[in-house]
Amino acid sequence: MEDWHEFKLNELGKVGRGKSKHRPRNEPSLFGGEYPFIQTGDIKSANFYVTKYSQTYNEKGLAQSKIWKKGTLCITIAANIAETAILGIDACFPDSIIGFIADKNKSDVRFIKYYFDILKIHLQSISQGTTQDNLSQEKLLKFSFTVPKNVEDQERIASVLSAYDDLIENNNERIKLLEETARQLYKEWFVRLRFPGYKETKFSKGRPEKWKDEKWEKYLNIIRGRSYTSAEIDDNSGKWAFINLKNINRGGGFRLDGTKYFSGKLKEEQIVYPGDIVMAVTDMTQERSIVGRVARVPLSEHTNYGISLDICKIEPVGLPKSFVYASLRFNTYGETLAEYANGTNVLHLKPELLKKEWFLMPDLEVINKFVSVVEPLFNKIDILTIQNTQLRATRDRLLPRLISGKLQVKPHSDFNKTKIIESHQVIDTIEKSTEDTKVKSNPFFQRRVLAAHIIDRLKDESTFGHVKLMKLMYLFEHLAEIETASHYHRDAAGPYDNRMIRSIDSQLKKAQWFECKKTGNKYQYTALPKKDEYKNWFSKYYSDKEAGIENLLHLFGKEKTEKAEMVATLYEAWRDLKDKKQLATEQAIIYEVLNNWHESKQRISEERWLKCLQWMKEKNWIT
């Protein structure tokens with residue numbers, strides 16, 4: 001690194017600071033002027049260029065030097081300190097932010113921007129104040145930047161990194177186009193009422209005769225999210241990926257880069273999966289641009305997420321998720337609900353108010369046609385979102401090595417061509433590996449996969465039903481050491497967890513894997529169209545447990561349910577005695593079963609209990 005040297009920022013270009021005292025918030029006559037007014041909120045590190053602004057300012061009465069030109073690096077000094085963006089519009093009037101104009105003979109503005117990405121955490125740490133954090137221009141100018149003296153070297157490094165940013169921005173534009181296509185499709189079919197076959201449809205009072213007004217309360221369940229402490233949530237680790245307000249875009253839609261991680265406990269109903277609908281019920285901005293807005297949870301490296309108290313899950317009842325999501329996202333419900341939110345510093349919304357809203361219910365044939373068209377659009381958005389996540393991860397791995405000089409970029413006459421080829425290779429790799437992405441999961445999803453495997457293997461056996469499934473889940477947990485997130489109790493058919501079995505049935509049906517129906521006194525499972533989906537997940541989760549699982553299925557597959565009940569009951573009684581530090585003799589175990597469990601256990605003779613217990617000892621299940 002002999003050609004790398006230390007420079008202060010003002011040795012690499014010009015440094016200036018915007019003037020907050022000229023903020024035009026109290027001068028409405030100046031709005032609508034020539035120059036955009038750039039504020040801290042307009043500068044996001046995820047955006048490579050500032051492309052929007054909320055106010056404008058006239059040049060009248062201002063010195064020309066106060067106007068910043070295109071290509072200026074904007075650096076925030078308050079709120080989210082050290083966020084950066086390169087000005088992509090012709091000129092602006094800056095608020096209290098620092099601007100850097102690169103001397104083209106000494107520095108490349110993109111390289112300096114990436115340098116700030118490395119410095120950001122350190123700059124934030126030295127900017128902490130007693131009442132408010134602040135990064136002053138004086139503090140900033142004390143830093144030294146070690147950069148290649150040759151500007152062309154800076155440009156090559158910046159070009160590698162910006163190639164990823166360009167692809168990310170391109171994907172963002174494609175996502176916007178897909179969302180707008182879905183929006184216009186919804187408007188065309190369900191607002192303008194120009195759905196397929198509308199010309200042959202009989203209308204009455206301006207709408208199809210078969211369509212009717214309905215309230216959402218009949219078609220939605222709403223589940224509140226989980227409260228949390230600051231110690232339970234962070235940016236990088238934790239048991240659960242955790243959806244919070246940062247995951248919701250202004251106006252709706254999902255942001256993967258806003259995901260946090262939660263280390264506390266969640267109820268099963270507070271878990272959401274790809275394709276589920278979530279809604280913001282809190283707004284920190286007072287602008288009502290997030291509260292009441294919905295997002296569709298995308299396919300990602302996470303198979304599931306928890307939801308924070310600021311979010312609720314919206315669960316459709318009897319309607320396809322894609323139709324419900326499009327209705328809530330592309331209609332005016334978000335704006336309407338936002339008006340109901342109230343609070344002094346933070347806006348809060350009662351999500352149940354959504355149930356009181358009316359909508360025009362189309363006939364099922366039109367809904368299904370709409371879903372068949374819009375679902376591929378949503379899936380493509382998911383793919384592009386995953387691509388962006390992986391592109392950012394690759395860029396972020398390269399960033400410190402390139403900026404520090406540990407990874408060098410040599411001159412190449414075909415550099416731009418190579419850069420483009422490599423970028424396309426990244427995209428191809430991501431698309432091919434989407435389904436094979438390593439996932440983070442939770443016991444609720446894993447036990448659904450395990451239950452699906454048991455059902456698939458045994459559903460045609462005359463002895464198989466609800467109770468036997470429960471017993472096998474228990475035995476798999478204790479004899480094959482598989483976590484099932486269950487809470488068994490001493491019931492007539494115990495050990496039993498009725499809530500777990502109802503949850504499994506519900507989730508299997510929702511996933512279109514299997515459905516449980518009661519015929520007389522017996523519950524039977526039938527396969528649904530997507531039942532083979534569980535097999536890939538089973539291979540991922542249980543490849544190391546497969547031998548133990550198959551052994552138990554072989555032992556109990558054709559046995560009567562009572563045999564599985566006896567083994568599970570004896571094992572649980574043995575565990576209880578061990579936990580109480582009592583001597584677990586054969587007599588003590590059987591006494592516990594016959595006298596301290598449900599009276600239904602007495603239907604089985606003591607001799608049969610003893611014989612079953614000895615069989616379990618032979619298999620070394622009980623010592």
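**Exercise 1. The main core**

Task: Which residues have the most contacts inside the largest nonpolar core?

Solution:
- Start with the set itself. In this predicted model, the largest nonpolar core has 68 residues.
- Then pick out its best-connected members. Leu450, Ile454, Leu469, Met473, Phe476 and Trp513 have the most contacts inside it.
- Now look for a second core. Another one, of 46 residues, lies apart from the largest core. Val324, Tyr333, Met361 and Leu384 are among its residues.
- Return to Ile454. Leaving out residues up to four places away in sequence, Ile454 touches Phe464, Leu469, Leu472, Met473, Phe476 and Leu553.

**Exercise 2. Helix α10**

Task: Compare the expected span of helix α10 (residues 466-479) with the distance between its end C-alpha atoms, then find what covers the helix.

Solution:
- Count the residues: α10 has 14.
- Apply the rise. At 1.5 Å a residue, the helix should span 20 Å. The expected span is 1.5 Å times one less than the number of residues.
- Check the model. The end C-alpha atoms of α10 are 20 Å apart, so the two values agree.
- Check burial, with a cut-off of under 20% relative accessible area. In α10, 12 of the 14 residues are buried, so the helix is mostly covered.
- Name some of them. The buried residues include Leu469, Leu472, Met473 and Phe476. Polar and charged names also appear in the list, including Lys468, Lys471 and Glu477.
- Find the cover. The elements over the buried residues include the helices α9 (443-458), α11 (498-510), α13 (546-556) and α14 (561-579). The strands β27 (514-519) and β28 (522-527) also take part.
- Step past the end. Just after α10, Glu481 has a positive phi of about 55°.

**Exercise 3. Two positive phi angles**

Task: Ala82 and Lys205 both have a positive phi. Which counts as buried, and which as exposed?

Solution:
- Recall the background. Most residues other than glycine have a negative phi.
- Take Ala82. Its phi is about 70°. Ala82 sits in the loop between β7 (73-76) and β8 (84-87). Its relative accessibility is 1%, so Ala82 counts as buried.
- Take Lys205. Its phi is about 55°. The loop between β12 (203-204) and β13 (207-208) holds Lys205. Its relative accessibility is 87%, so Lys205 counts as exposed.

**Exercise 4. A serine in a helix**

Task: Which backbone oxygen lies 2.8 Å from a polar side-chain atom of Ser327?

Solution:
- Locate the residue. Ser327 is in helix α5 (residues 321-330).
- Check burial. At 1% relative accessibility, Ser327 counts as buried.
- Find the partner. The oxygen belongs to the backbone of Phe323.
- List the other neighbours. Beyond four places in sequence, Ser327 contacts Tyr186, Trp216 and Tyr333.
- Link back to the cores. Tyr333 is one of the residues of the 46-residue core.

**Exercise 5. An open sheet**

Task: What is the strand order of the open sheet of 5 strands, and which are its edge strands?

Solution:
- Read the order: β16-β18-β17-β23-β19. The pairing is mixed.
- Mark the edges. β16 (233-234) and β19 (271-272) each pair on one side only.
- Examine one edge. β16 and β18 (residues 260-262) run antiparallel and are joined by 2 bridges. Ile233 has Phe262 of β18 as its bridge partner.

**Exercise 6. The whole chain**

Task: How many helices and strands does the chain have, and what share of its residues is buried?

Solution:
- Count the elements: 16 helices and 28 strands.
- Take the burial. Of 623 residues, 50% count as buried.
- Add the surface. The accessible surface is about 31500 Å², with 47% belonging to carbon and sulfur atoms.

Notes: Residues numbered from 1 in each chain as written. Predicted model: local features only at pLDDT ≥ 70, side-chain atom pairs only at ≥ 80, totals over all residues. Heavy atoms only, no water. Helix = DSSP H or I, 4+ residues; strand = E, 2+ residues; numbered from the N terminus. Buried < 20%, exposed > 50% of the residue type's maximum accessible area, 1.4 Å probe, protein only. Core = buried A, V, L, I, M, F, W, Y, C linked by side-chain atoms within 4.5 Å. Contact = heavy atoms within 4.5 Å. Areas by Shrake-Rupley, 256 points an atom, 1.4 Å probe, with all protein chains shown as cover. Polar contact = N/O pair within 3.5 Å; in protein donor to acceptor, adjacent residues only side chain to side chain. Pairing = 2+ DSSP bridges.
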